[in-house]
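These are my notes from a first look through a structure that was new to me. I wrote down what I looked up, in the order I looked.

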Amino acid sequence: MQAEQIRRERKRKQAEEVAAAAVVEVAQKEDEHPLVGNLIGEDHANYVLMYNMLTGIRIAVSRCQAKIKRPLTDQDFTARHKYSFDIVGNELTPSAKYDFKFKDYAPWVFRELREDHFSLDPADYLLSLTSKYILSELTSPGKSGSFFYFSRDYRFIIKTIRHAEHKFLLRVLPQYWEHVKANPHTLLSRFYGLHRVKLPRGRKIHFVIMNNLFPPHKDVHETYDLKGSTVGRLLPPAKLEQNPRAVQKDLNWIDSNRVLELGPEKRALLTEQLRRDSEMLRDLGVMDYSLLVGLHWGNRGNRENVRGTTLRVFEPSVPPIRRKTTQTKDGRSPEAIAMRRIMRASDPHHLGTTLDLPASPSPSTNTIPPSTPNTPRPRPHRDHFLFYQDEGGLQATDEGNEEMDVIYYLGIIDILTPYGGVKKCEHFWKGLKADRHKISPVPPAEYSERFFGFMKAIMRGGGGGARFKAE
């Protein structure tokens, strides 16, 4: 009897272990998939480029994070750190699947921006981008020819940029840094890193890492790109019918009688921040930027799976890291030890628990629901920023500041276009055929004034954007 009881107990424990192992296996498989998109393989056109980007980011950011934090100097704004990767590797550069060169620009400046001003946990940032080497890609590049890739959790964007944009960002980086310091709630694009990849005998690819304005846990049902220009700023109804998720423009907003439904408090705060940001861009000689507006309708929820139908996923296989033996007296390099320590500290179970985040401007409106498998909880790095505190966006409110059924996701994008020779020629040429004050390319001062005026007009009580239409 006792022997039979022991056998039954042993079988029960074995069954429990098998069931637990099955649960873990399912959880691991689910964790290997991104929140949006479908997996694709090595036949992807940009497979090698993406692999090299992620490998470079992982090593370069880790190297910078491993060092003791210090105050910035003027030299930090022009610093460039170079890395060479090959299949052999060395102590601080692991072996890679492909030979390539990687350059990290102003790493200390971007580190301070990420940690001190954008409140990003450094380990969280690295894990989001490189822990699984999974990215989602827009199915087609934008009008500028840039490619957009989203991190696995949909929080960050890797965007390729032209060499001219790269040089301009480096040139205005001190002013950008000062503006972000003085305006923690800025609507300008948040740049987390500036890098370059060069393949053997290949061209150089410059790219930035930015914030994704749209959340991972909410479908964005309508998207508008608003400049304050009304010449050629219409998405034709036929195209909108073919693709209801296409980005619409100024005339679409005006013709649909859309209004930014904000109560007095939020309206005043948004207006003031738009004024500050547009004046800063004016002083930098920038134009052609726009306010990206995403609308999430509460009554429609997430049942349409908008993101899953517009993105696809890149997932390269990652070889194990092999390093050469350190050539030092005791076989250990201080730099390598520091880097391994920071990587060991990147424990996903402890993310978000060590940051001393500033207080939310309005904690009472920060209502974030518990996460579920289909609606992951939004990350805390956005919650305390004024225009991202309502589930990652800005909740519409009535004149009594009571919540309405729509959330706006707002940000000023495409801020790296100076008013140079090409834009001046475009202004002259387009001005021959249309009202030169309504076309998109106008001098920075006029652009800033028109942009700010249009954004005020499309808010509740602003009179609407119809008066900006070309006659």
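Which residue takes a positive phi in the hairpin of β12 and β13, and how many residues lie between the strands? I found five residues between the two strands, and the residue with the positive phi, near 65°, is Asn-401. I note here that the model is a predicted one.

**Entry: the chain as a whole**

I looked up the overall make-up next. The chain has 11 helices and 13 strands. Of its 471 residues, 50% are buried. I then checked how far apart in sequence the contacting residues are. Among contacts with a separation of 6 or more, 74% are between residues 24 or more positions apart. The exposed area of the chain is about 23300 Å², and carbon and sulfur atoms supply 53% of that area.

**Entry: the sheet around the hairpin**

I went back to the hairpin and asked what sheet it belongs to. β12 and β13 are part of an open sheet of four strands, in the order β9-β10-β13-β12, with antiparallel pairing. β9 and β12 (394-397) stand at the edges with a single partner strand each, so one side of each has no neighbour in the sheet. From one strand to the next the twist averages 30°. As background, I noted that strands of a sheet pair through backbone hydrogen bonds, either parallel or antiparallel.

I then went through the pairings one by one.

- β9 (residues 222-226) pairs with β10 over five bridges, in the antiparallel sense.
- β10 and β13 (residues 403-413) are joined by eight bridges and run antiparallel.
- β12 and β13 pair over three bridges, also antiparallel.

For single residues, I followed Leu-295 in β10. Leu-295 is the bridge partner of Glu-222, and Leu-295 also stands opposite Tyr-408 in β13. In the hairpin pairing, Thr-397 stands opposite Glu-403 in β13.

Is β10 covered or open to the outside? I found that β10 (residues 290-297) is mostly covered, with seven of its eight residues buried. I also looked for a helix on this sheet. Helix α8 lies across β10, β12 and β13, and runs at about 10° to β13.

**Entry: aromatic rings**

I counted ring pairs next, and the structure holds 13 aromatic pairs. I picked the pair of Tyr-289 and Tyr-447. Their ring centres are 4.8 Å apart and their planes meet at 65°, so I filed the pair as edge-to-face. Tyr-289 is in the loop between α8 (264-283) and β10, while Tyr-447 is in helix α11 (residues 444-457). The two are 158 residues apart, so the pair links distant parts of the chain. Are these two tyrosines buried or exposed? Tyr-289 has a relative accessible area of 0% and is buried. Tyr-447 is likewise at 0% and counts as buried.

Elsewhere, Phe-118, Tyr-125, Phe-156 and Tyr-192 form one aromatic cluster. I also checked for charges over rings. The charged end of Arg-70 sits over the ring of Trp-108, 4.2 Å from the ring centre. The charged end of Arg-190 sits over the ring of Phe-385, at 4.1 Å from its centre.

**Entry: helix α3**

Trp-108 led me to helix α3, where it is one of the buried residues. How many of the residues of α3 (residues 107-117) are buried? I found 10 of the 11, so the helix is largely enclosed by the rest of the structure. The buried ones include Arg-111, Glu-112, Arg-114 and Glu-115, along with Val-109, Phe-110 and Leu-113.

I then asked what the buried residues of α3 pack against. The helices are α2 (47-65), α4 (122-130) and α5 (163-182), and the strands are β2 (80-85), β3 (100-105) and β7 (191-198). Just after α3, Ser-119 takes a positive phi of about 55°.

**Entry: Ser-84**

Last, I looked at one residue of β2, namely Ser-84. With a relative accessible area of 45%, Ser-84 is partly exposed. Ser-84 and Lys-101 are 17 residues apart in sequence, and their C-alpha atoms are 4.5 Å apart in space.

Note on methods
Residues numbered from 1 in each chain as written. Predicted model: local features only at pLDDT ≥ 70, side-chain atom pairs only at ≥ 80, totals over all residues. Heavy atoms only, no water. Buried < 20%, exposed > 50% of the residue type's maximum accessible area, 1.4 Å probe, protein only. Pairing = 2+ DSSP bridges. Contact = heavy atoms within 4.5 Å. Areas by Shrake-Rupley, 256 points an atom, 1.4 Å probe, with all protein chains shown as cover. Phe/Tyr/Trp six-rings, centres within 6.5 Å; stacked < 30°, edge-to-face > 60°. Lys NZ or Arg CZ within 6 Å of the ring centre and 35° of its normal. Axes fitted to C-alpha atoms, helices over the stretch in contact; angles between N-to-C directions.
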